[in-house]
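Reader: I am new to this structure and would like to go through it slowly. Please tell me what each term rests on before drawing any conclusion from it.

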Amino acid sequence: MTSKKITLIYPFAYGYIDFVVKELQSNPDIQVTDIKTDTIKYTYPNIFVKIWNGVTKLFGNNIKKKYFNKQVLKQIKEKQDVIFVIRPDLMEASLLKELKQNTETFIAYFYDSCKKYPRQLEIAHFFNEIYSYEKEDIEKHHFIETSNFIYDEQIEHEETKYDIFNVSSYDSRIDEINKVSTELFNAGFKIHFVLFWFEKLVYPHLISTTEYLSLKETKKLISQSKAMIDIQRTDQKGLSFRTFESLGYRKKLITTNNQVKNYDFYHPNNILVIDSNHLDPSEIKKFLDLEYVEIAQDIIKKYTVKSFTKKIFKL
């Protein structure tokens, strides 16, 4: 039997896509090429080349982009059955054209809305299939609906240290995250809010870190907490990985995304939707005291990495 050849091309994704790669690699009939674009780094040999690149960029010639394109294509040894790309809007049209010529099926997964990254629409014509979890984009642009996935379900029991845990990156949500953490702290909740950025930041109830929290570290903090809180960007309606971590680990979730109520795994004992502008500490306390309700295994199964992989790659 001829092996199915699949290539995945994607930027840094906190390790989530590694689980898709591992799932594919577990199938002996699949040859997997794994290209992490954030690991492709061009180093100027000297200052003169750097200056020259600055000049030539004005005329559409970029040494760094040429190097990037060459390194991506070099890793694809033969024609693929599937090439799967996350954040293709970061790539030049010339590279997308060559990739399309190197595969039977060219697939994109749009992690974010087209409002946030409008170039996604400009390069959409290159792809045979486009997957998205943003319902507005799915309906408007006829993308294929999918969701993020449960990448792990095994968690060791830890002594409970916190009522509510959050990990976020510094972005447009910072004022909202700062406000929520302050209100929860003042209401007497034991919180553990981690904020990542490349330099140290100072907020009264946020723990600043300049290094990404690994999934292993995140998992331990989830185990030590009664619930996670997910504060989503206003332009994002699709469900974040926090939602699927809570589902896989059977942990309570507090979220600002009311779309979660439309999913079959929603249960009010397990998921509380809040308005961050009108927090009700008594409502949150009651929610944390409710007994967790187990979700049927056939529902859980629909959202596993195995199901995600089977759907995307037609296995």
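**Charges, overall form and chosen residues**

Author: In this predicted model, the mean positions of the 46 positive and 43 negative charges of the protein are 5 Å apart.

Reader: What makes a residue count as positive or negative here?

Author: Lys and Arg are taken as positive and Asp and Glu as negative, while His and the chain ends are left out; each charge is placed at NZ of Lys, CZ of Arg, CG of Asp or CD of Glu. Residues are numbered from 1 along each chain as its sequence is written, and side-chain values use heavy atoms, without hydrogens and water. As this is a predicted model, local features need pLDDT of at least 70 and side-chain atom pairs count only at pLDDT 80 or more, whereas totals for chains, interfaces and linings use all residues.

Reader: How many helices and strands does the protein have, and how do you know that its form is as compact as that of a globular protein of its length?

Author: The protein has 12 helices and 12 strands, where helices (H or I, at least four residues) and strands (E, at least two) are DSSP runs numbered from the N terminus. Its radius of gyration, taken over C-alpha atoms, is 22 Å, and the globule rule (2.2 Å times the number of residues to the power 0.38) gives 20 Å for 315 residues; the two values are close, so the protein is as compact as a globular protein of that length. The C-alpha trace spans about 60 × 50 × 40 Å along its principal axes, and of the contacts with a separation of 6 or more, 64% are between residues 24 or more positions apart; a contact here means heavy atoms within 4.5 Å.

Reader: Why is threonine 255 called buried?

Author: Buried means under 20% relative accessible area, exposed means over 50%, and partly exposed lies in between (1.4 Å probe, protein chains only). Threonine 255 has 2% relative accessibility, so it counts as buried, as do 50% of the 315 residues of the protein. Threonine 255 belongs to strand 11, residues 252-255, and, apart from neighbours within four places in sequence, it contacts Asp230, Val260, Ile271, Leu272, Val273 and Ile274.

Reader: How do you know that helix 9 is largely enclosed by the rest of the structure?

Author: Helix 9 covers residues 241-249, and 9 of its 9 residues are buried, so the helix is largely enclosed. Among those that cover its buried residues are helix 1 (16-25), strand 7 (162-169), helix 8 (215-223) and strand 10 (225-230). Helix 8 in turn has Leu215, Thr218, Leu221, Ile222 and Ser223 as its buried residues, and these pack against partners including strand 8 (191-196) and helix 9.

Reader: What follows just after helix 9?

Author: Arginine 250 comes just after helix 9 and takes a positive phi of about 60°. Most residues other than glycine have a negative phi. Tyrosine 14 has a positive phi too, near 60°, and histidine 142 has one of about 65° although it is not a glycine.

Reader: What makes tyrosine 14 partly exposed, and why is histidine 142 called exposed?

Author: Tyrosine 14, in the loop between strand 1 (4-10) and helix 1, has 38% relative accessibility and therefore counts as partly exposed. Histidine 142, in the loop between helix 6 (135-141) and strand 6 (144-145), has a relative accessible area of 68% and is therefore exposed.

Reader: Why is arginine 173 called buried, and which residues does it touch?

Author: The relative accessible area of arginine 173 is 13%, so this residue is buried, and its place is the loop between strand 7 and helix 7 (174-186). Leaving out residues up to four places away in sequence, arginine 173 touches Ser168, Ile231, Gln232 and Arg233. A polar atom of the arginine 173 side chain lies 2.7 Å from the backbone oxygen of isoleucine 231.

Reader: What makes isoleucine 312 buried, and how far is it from histidine 278?

Author: Isoleucine 312, in helix 12 (residues 305-313), is at 0% relative accessibility and therefore counts as buried. Isoleucine 312 and histidine 278 are 34 residues apart in sequence and 39 Å apart in space, C-alpha to C-alpha. Phe84, Ile107, Glu129, Tyr131 and Thr146 are the residues that isoleucine 312 touches, not counting those up to four places away in sequence.

Conventions. A polar contact is a pair of N or O atoms within 3.5 Å; within protein, one must be able to donate a hydrogen and the other to accept it, and residues adjacent in sequence count only if both atoms are side-chain atoms.
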